[in-house]
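Good morning, and thank you for coming. I should like to take you through one structure today, beginning with its overall fold and then turning to the empty space inside.

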Amino acid sequence: MLKRIAIISTTVICILVESGKIQAQEDYRFDIGGGVGMTGYLGDANTSTLFKRPSWDIELLFRYIATTRWNFKTNFFVGGLSGNSADMLNVFPTGQDYKFTTIFYELSELAEFNFFSYGIGETYLHLKRFTPYLAGGLGLTAWNVSGYSGVAFTLPFGIGFRYKPSKRLNLGLEFLMKKTFTDRLDGPDLQDPTGIKSSFMKNTDWYSTLTFTVSYEFSKRCATCNYKD
């Protein structure tokens, strides 16, 4: 009897240990992927309706998964922007209409905060397969319009939602507004067309990205332990 109990106990302990190992092996540190979506523009050629003349964007992303609540993400965007002052009710002092199209390139670093502990596998942490999140950071944008090439810092911030259909796959939808530190995103002709000088909070250009993403996790965090810090 004692021998049978010892065998059963040993078997149970081995199963629990192996389960812990498997569970830990499903916890990953990094996430890589991409996405497609649409852009909007707010500036001198469009002062009110963000998606008046929507365009496209393509995103590549690399994410460090610090905890189930905090992530740190590197974004690279390529996208189009366009605007036409003829769409507005306001009239410039010169009476002229201005329009532009451009392609921008953006590199940004963002911190993300998940509203819920996000993941699959660690049930004692009450993980959820979906979560809304907040994002914010700092970026650098380059563009060319009407023969003018520019580079400017941006402040991207926004909200998102992600869902985990499997242990390593993530689907997401993210909306980011990007405040630029320039009034020339829409071209040199639209720099202060009303004669109001630009400042940190006034008369600078904005753009947005609304992007659907797919990403894949890799690099096991812990192959032998049953927990993570």
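What you see is a predicted model. Its eight strands form a closed barrel, running in the order E1-E2-E3-E4-E5-E6-E7-E8, and the pairing is antiparallel. Within this sheet, neighbouring strands are turned against each other by 25 degrees on average, with direction ignored.

Let me take one pair of strands as an example. Strand E2 covers residues 55-65 and strand E3 covers residues 70-84; nine bridges join the two in the antiparallel sense. One residue to locate here is Ile65, whose bridge partner in E3 is Asn71.

I now turn to the cavities. How many cavities of 30 Å³ or more does a search of the whole structure find? There are three. I shall concentrate on the second largest cavity, which has a volume of about 80 Å³.

Which residues lie nearest the centre of that cavity? They are Arg63, Tyr133, Arg162, Gly172 and Thr213, out of 13 residues that line the second largest cavity. Three elements each give two or more residues to this lining: strand E6 (148-163), strand E7 (169-180) and strand E8 (206-220). The most comes from E7, with five residues.

Finally, the chemical character of this wall. By class, the lining of the second largest cavity comprises five charged residues, together with four polar and four nonpolar ones.

To close, I would ask you to keep two items in view: the closed barrel of eight strands, and the second largest cavity, to whose lining E7 gives the most. Thank you.

How values were computed:
Residues are numbered from 1 along each chain as its sequence is written. This is a predicted model: local features need pLDDT of at least 70, side-chain atom pairs count only at pLDDT 80 or more; totals for chains, interfaces and linings use all residues. Side-chain values use heavy atoms; hydrogens and water are left out. Two strands pair if DSSP finds at least two bridges between them. Helices (H or I, at least four residues) and strands (E, at least two) are DSSP runs, numbered from the N terminus. Axes are lines fitted to C-alpha atoms, for helices over the stretch in contact, and angles run from 0 to 180 degrees between N-to-C directions. On a 1 Å grid over the protein atoms alone, a cavity is a set of points where a 1.4 Å probe fits but cannot get out, and a pocket is an open set with protein on both sides within 12 Å along at least five of seven lines; lining residues have an atom within 4 Å of a point. Grid points are joined across faces, edges and corners, and a volume is the space filled by probe spheres set on the points. Ala, Val, Leu, Ile, Met, Phe, Trp, Tyr, Cys and Pro count as nonpolar, Asp, Glu, Lys and Arg as charged, and the others, Gly among them, as polar.
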